[in-house]
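Trainee: Before we look at the details, could you take me through how each descriptive term is justified?
Mentor: Gladly; ask about one term at a time, and we will set each value against its definition.

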2 protein chains.
Amino acid sequence: MTKPRSRRGGGRPTIADVARKAGVGAITVSRALREPGRVSEDLRRQIQEAVDELGYLPDPNARALASARAEVFGVLVPSLTNSVFAEVLRGIYDSLSDSSYRIQLGNTHYSGLEEERLLQVFGPQRPAALIVAGIDQTPTSRRLLETAGCPVVQVMETGPDPVDMMVGFSHFDGGKAATEHMIETGYRRIGFIGARMDPRSQRRLAGYRAAMEAAGLFDARLITTTPVPSSVTLGRELFRDALAKVPTLDGVFCNNDDIALGVLFECHRASIAVPKTIGITGFNDLDMMEVAFPSITSIRTPRYEIGRLSVAMALAAIAGKRPQEPVVDLGFELKCRESTAR
Amino acid sequence: MTKPRSRRGGGRPTIADVARKAGVGAITVSRALREPGRVSEDLRRQIQEAVDELGYLPDPNARALASARAEVFGVLVPSLTNSVFAEVLRGIYDSLSDSSYRIQLGNTHYSGLEEERLLQVFGPQRPAALIVAGIDQTPTSRRLLETAGCPVVQVMETGPDPVDMMVGFSHFDGGKAATEHMIETGYRRIGFIGARMDPRSQRRLAGYRAAMEAAGLFDARLITTTPVPSSVTLGRELFRDALAKVPTLDGVFCNNDDIALGVLFECHRASIAVPKTIGITGFNDLDMMEVAFPSITSIRTPRYEIGRLSVAMALAAIAGKRPQEPVVDLGFELKCRESTAR
DNA sequence: AAGGCAGATGGTAGCGCTACCCATGACGTC
DNA sequence: GACGTCATGGGTAGCGCTACCATCTGCCTT
């Protein structure tokens, strides 16, 4: 009974089926679905009925081809397991869940080359927007972003020269604020412990250094870093190294909270009093920092908000409403807790 | 000089441009790119040159429309911030990074309705494969998966009735093993503390109950759960509740490691000796469990491997090589540590 | 020598949708 | 009454690619 379907289509109803059933032209169905305001009330209802009866769902691939625009947000993060990016992603997803945009997520593994490769994969799809972590793209990546023909939001950091838009905060200032807090509290031999040392970590280190130098406390031996990916385990090990190198250490500013937690556990294990003998400050303020014993001082970063706002800005740009100020600094907050309360 | 491009295409070279330049038919270019073996050595080289010179990249949308198949893996997870799924994702990404498949990631927020919505969005795209977390799909979701027309892998758990394929382990057995370990170690009033209580948590609880009943130790008042999402903070609070309810508590099996960490911190804070007064067992064995002080006993789950294998199975199925056994149980491992060593 | 067959290449006709342009009618303006 | 303008709807022609089928060549059978 049913009319024979073509070889390729799986037999799903097409826009032509809906048009036939509703007694209108295909283009009118297309309009009714995308710009309901431009179709009369009557036809709109009629078309909706046909859509419901047939269970019609537009083919996103055909749409993308015809309109040279895919309803896809491309998102590039350097790591999936780093919970910092997980929360940015959560913000992105929450802001996009009401829309029909799909999200294509790429993992750059902190590699510029991998980022280039992924942009090369994303580009030809003509995504509706691109959200990328970081501001230190390679020249090739930057060119790919500039020629992507869609809004681009760089997130996590702020800087002077956005490809298009930026949402983040200053890691330098964060590192500086954390260090200054420890200095004010009375710590003197404050170490810096960092892993991975991606560009953001480097800037936190620079902030640490600026604060230490300003106070006349800087000493290169206080710095302990590694390119190895960050983990709680690594925090413990780096702390041991730092202490072996500088036995007079009386505080540590940790590149992130995982490291800080590792330091705290090692202090417990070695019966080093926190905050009395050693003060600890982390970075990011993960949930567990407040619960830890003693609770750990950290820099609260607006990760979720960065995700939300990046999408809001991208959607506004898609709608033609470019923001007055393309770079938004969401700031951070120093959370003073027991680990530096002496 | 360049010939005028159509209104829509952004001026990118198309397959026709490559064909013209190489002096062959468009279809031969298409074949050279997708099935090099079917084109003669000579033409292949010629075409490759033209591709390189023009910087040609195939349009994935046109490809998807013409072949009724998008080079996209659809992945559905219930949470982005739960590091358990982050590691599954990492496995998926690592296994797919050499291929040209893109990954579309959906976040179901532990909601069956949201899962249905996302499947409805993914379906019309004709993805190459679908990977979904969990085995408790709604009837609608199940139908959508069955009619997706592509390989489907359910991950994280094993069960008797796969939609297509499954990779995971038994959460019931995991909960049972953890509880039996505590019983054998001498704990008697062992509480269960759980948050979120999604289907996997429920099965861990069932395993706990089975072990406790078998030992004649079960008491419903030992169970403390909440539908609230899991966090370290919540672990502390639920432990306080549990202790208030059953002051004679001498151990807890925690639904996951976040909870266990919260319990550990609360024990520190309240000067409760671990493992002497209270034994603690977690679930998943995150990195930090081994570093914690005291280190925390946990069930190591093969999260990364689940991600890897799910992709391997999907790719094999795409290539027409269906596995002998569609359900793969990757097991788990009990990691005995200081938190239950008395 | 006729037929068959496999391998390599090309032509045609879409895939399902939307951009662009046009047709129509109702209403206003001078 | 001729002419715009606006709102509404439709027709046509692609978007860039691949499925399907046809063609052509060379070589093997018999």
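Trainee: What makes Arg31(A) a polar contact of DNA strand D?
Mentor: A polar side-chain atom of Arg31(A) lies 2.9 Å from a base nitrogen of DNA strand D, and a polar contact is a pair of N or O atoms within 3.5 Å, with the further conditions, inside protein, that one atom must be able to donate a hydrogen and the other to accept it, and that residues adjacent in sequence count only if both atoms are side-chain atoms. This is a predicted model, in which local features need pLDDT of at least 70 and side-chain atom pairs count only at pLDDT 80 or more, while totals for chains, interfaces and linings use all residues. Side-chain values use heavy atoms, with hydrogens and water left out, residues are numbered from 1 along each chain as its sequence is written, and chains are lettered from A and ligands numbered from 1 in the order in which they are written.

Trainee: Which atoms of Ser40(A) and Ile15(B) approach a phosphate oxygen of DNA strand D?
Mentor: In Ser40(A) a polar side-chain atom lies 2.8 Å from a phosphate oxygen of that strand, whereas in Ile15(B) a backbone N or O atom lies 2.4 Å from a phosphate oxygen. The elements that give two or more residues to the surface near DNA strand D are helix H2 (26-34) and helix H4 (60-67) of chain A, together with helix H2 (26-34) and helix H4 (60-67) of chain B; helices (H or I, at least four residues) and strands (E, at least two) are DSSP runs numbered from the N terminus. The largest share, 4 residues, comes from H4(B).

Trainee: How do you know which residues surround DNA strand D?
Mentor: A residue is near a molecule or strand if one of its heavy atoms lies within 4 Å of it, and 27 residues surround DNA strand D, the closest being Thr28(A), Ser40(A), Ile15(B), Ser30(B) and Tyr56(B). Of the atoms of DNA strand D within 4 Å of the protein, 69% belong to sugar or phosphate and the rest to bases.

Trainee: How many residues of each class does that surface have?
Mentor: The surface near DNA strand D has 12 nonpolar, 8 polar and 7 charged residues, where Ala, Val, Leu, Ile, Met, Phe, Trp, Tyr, Cys and Pro count as nonpolar, Asp, Glu, Lys and Arg as charged, and the others, Gly among them, as polar.

Trainee: What is found around DNA strand C?
Mentor: There, 28 residues surround the strand, and the closest are Ile15(A), Ser30(A), Tyr56(A), Arg63(A) and Thr28(B). An N or O atom in the side chain of Arg63(A) is 2.8 Å from a phosphate oxygen of DNA strand C, and a polar side-chain atom of Thr28(B) lies 2.4 Å from a phosphate oxygen of DNA strand C. H4(A) gives the most to the surface near this strand, with 4 residues.

Trainee: Why are H2(A) and H3(A) called roughly perpendicular?
Mentor: H2(A) and helix H3 (residues 41-54) of chain A pack at an angle of about 95°, with their axes 10 Å apart; axes are lines fitted to C-alpha atoms, for helices over the stretch in contact, and angles run from 0 to 180 degrees between N-to-C directions. Angles under 35 degrees count as roughly parallel, over 145 as roughly antiparallel, 65 to 115 as roughly perpendicular and the rest as oblique, and H2(A) and H3(A) are therefore roughly perpendicular to each other.

Trainee: What makes up their contact?
Mentor: Contact means heavy atoms within 4.5 Å, and Thr28(A), Val29(A), Ala32(A) and Leu33(A) in H2(A) meet Leu43(A), Arg44(A), Ile47(A) and Val51(A) in H3(A). By class, this contact has 6 nonpolar, 1 polar and 1 charged residues.

Trainee: Why are E7 and E9 of chain B said to stand at the edges?
Mentor: In chain B, 4 strands form an open sheet in the order E7-E6-E8-E9 with parallel pairing, and two strands pair if DSSP finds at least two bridges between them. Strand E7 (223-226) and strand E9 (279-281) of chain B each have a single partner strand, so one side of each is left without a neighbour in the sheet.

Trainee: How do you know that E6(B) and E8(B) are paired?
Mentor: Strand E6 (residues 190-195) and strand E8 (residues 251-254) of chain B pair in the parallel sense over 4 bridges, and Phe192(B) stands opposite Phe253(B) in E8(B). Helix H9 (residues 199-214) of chain B packs on the sheet, touching E6, E7 and E8 of chain B, and its direction makes about 175° with that of E6(B).
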